[in-house]
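Subject: Handing over a structure

Dear colleague,

I am passing on to you the structure below, and after it I set out what was found there, beginning with the aromatic residues and going on to the charged pairs and the empty spaces. Please read it with the coordinates open beside you.

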Amino acid sequence: MFNDLSTPLAYLATRRSGKPRDLVAPGPDAAQLETILQIAGRVPDHGKLAPWRFVIVPAEARDRFAAMLLDAYRQERPQAARLEIEAVESFARQAPTLVVALFSPRTESHIPQWEQELSVGAACMNLLHGAHAMGFAGGWLTGWATYSDIVRDSFGAAPERIAGFIFLGTPSRELEERPRPDLRTIVTEWSV
């Protein structure tokens, strides 16, 4: 069983993202989404900078979002083939709820940018935790749009960067496990 909410430890041990293409309605309503976003902000944040922000792309704006993505893709890849264009359109319309997470570095701060980047990653993870704790599933995607200045500029401006597109909804099929690292390959004991 994935995202087992019987105890906090059970949840953390079974947490599993959902594939955005497999997420359907219902997604979180406005009040639930507000709670999820409040949870997203409860992360380590050296200097209390909140070097992140979230942009909700409402359902009624998905066609405009898809058009913006297609325009950006065609500008950056004028030779794009039909299947690429279809993938961009499909990306834009996945899952009932979409939150774009932006890294908003506080360049005037003495806090290193690396620490600010870690904080935005934690905020995105907490956003997923909040959604899963409410019985939804979520998927955090990146890809070409994350690194496109054209796409970024439709949500913000440099030096901001898109940290990811977080899709939320209800799984239409059972979640599947993915390979997890063997602890022997990622954990060592320090010795002098």
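F65 and F165 are both buried, and in this model, which is a predicted one, their rings form a tilted pair, because the centres lie 6.2 Å apart and the planes meet at 50 degrees, an angle between the 30 degrees that bounds stacked pairs and the 60 degrees above which a pair counts as edge-to-face. The two residues come from distant parts of the chain, F65 from helix α3 (residues 62-76) and F165 from strand β5, with their positions 100 residues apart in sequence.

A second pair, F91 with F167, is edge-to-face, with 5.4 Å from centre to centre and 85 degrees between the planes. Since F91 belongs to helix α4 (residues 82-92) and F167 to strand β5, this pair ties together parts of the chain that are 76 residues apart. F91 counts as buried at 15% relative accessibility, because the limit for buried is under 20%, and F167 is buried as well, with a relative accessible area of 0%. The structure holds six aromatic pairs, and F65, F91, F155, F165 and F167 form one aromatic cluster.

Helix α4 also holds A92, which counts as buried at 0% relative accessibility. Leaving aside residues up to four places away in sequence, A92 touches R62, F65, A66 and L69, so that F65, a member of the aromatic cluster, is among the contacts of A92. The C-alpha atoms of A92 and D22 are separated by 13 Å, and the two residues are 70 places apart along the chain.

D22 leads on to the charged pairs. Which residue forms a salt bridge with D22, the closest N and O atoms being 3.9 Å apart? The partner is R173, and this distance still qualifies because the cut-off is 4 Å. The pair links distant parts of the chain, with R173 in the loop between β5 and α7 (183-186) and D22 in the loop between α1 (8-14) and β1 (23-24), 151 residues apart. D22 is buried, at a relative accessible area of 14%, whereas R173 counts as partly exposed, at 46% relative accessibility. Together with E176, these two residues, D22 and R173, are linked in a network of salt bridges.

Two further salt bridges may interest you. In one of them D153 pairs with R152, the closest N and O atoms being 2.6 Å apart; here R152 counts as buried at 10% relative accessibility, while D153 is partly exposed, with a relative accessible area of 45%. In the other, D182 pairs with R184, and the closest N and O atoms are 2.4 Å apart; D182 is partly exposed, at a relative accessible area of 32%, and R184 counts as exposed, at 71% relative accessibility. Over the whole structure the count comes to eleven salt bridges.

As to empty space, a search of the whole structure finds one cavity of 30 Å³ or more, and about 70 Å³ of space lies in the largest cavity. Its lining consists of R16, S17, G18, K19, D22, R173, E174, L175 and E176, so the members of the salt-bridge network, D22, R173 and E176, are also found among the lining residues, because each has an atom within 4 Å of a point of the cavity. By class, this lining has six charged, two polar and one nonpolar residue.

The largest pocket has a volume of about 250 Å³. Two elements each give two or more residues to its lining, namely α5 (113-133) and β5 (161-171), and α5 provides the largest share, four residues. The full lining is made up of F103, E117, L118, V120, G121, W140, T142, T146, Y147, R161, I162 and A163, which divide into seven nonpolar, three polar and two charged residues. Strand β5, which contributes to this pocket, is also the strand that carries F165 and F167.

With kind regards

Methods: Residues numbered from 1 in each chain as written. Predicted model: local features only at pLDDT ≥ 70, side-chain atom pairs only at ≥ 80, totals over all residues. Heavy atoms only, no water. 1 Å grid on protein atoms, 1.4 Å probe; cavity = no way out; pocket = protein on both sides within 12 Å on 5 of 7 lines; lining within 4 Å. Points joined across faces, edges and corners; volume = space filled by probe spheres on them. Nonpolar A, V, L, I, M, F, W, Y, C, P; charged D, E, K, R; others polar. Salt bridge = Lys/Arg side-chain N within 4 Å of Asp/Glu carboxyl O. Buried < 20%, exposed > 50% of the residue type's maximum accessible area, 1.4 Å probe, protein only. Phe/Tyr/Trp six-rings, centres within 6.5 Å; stacked < 30°, edge-to-face > 60°. Contact = heavy atoms within 4.5 Å.
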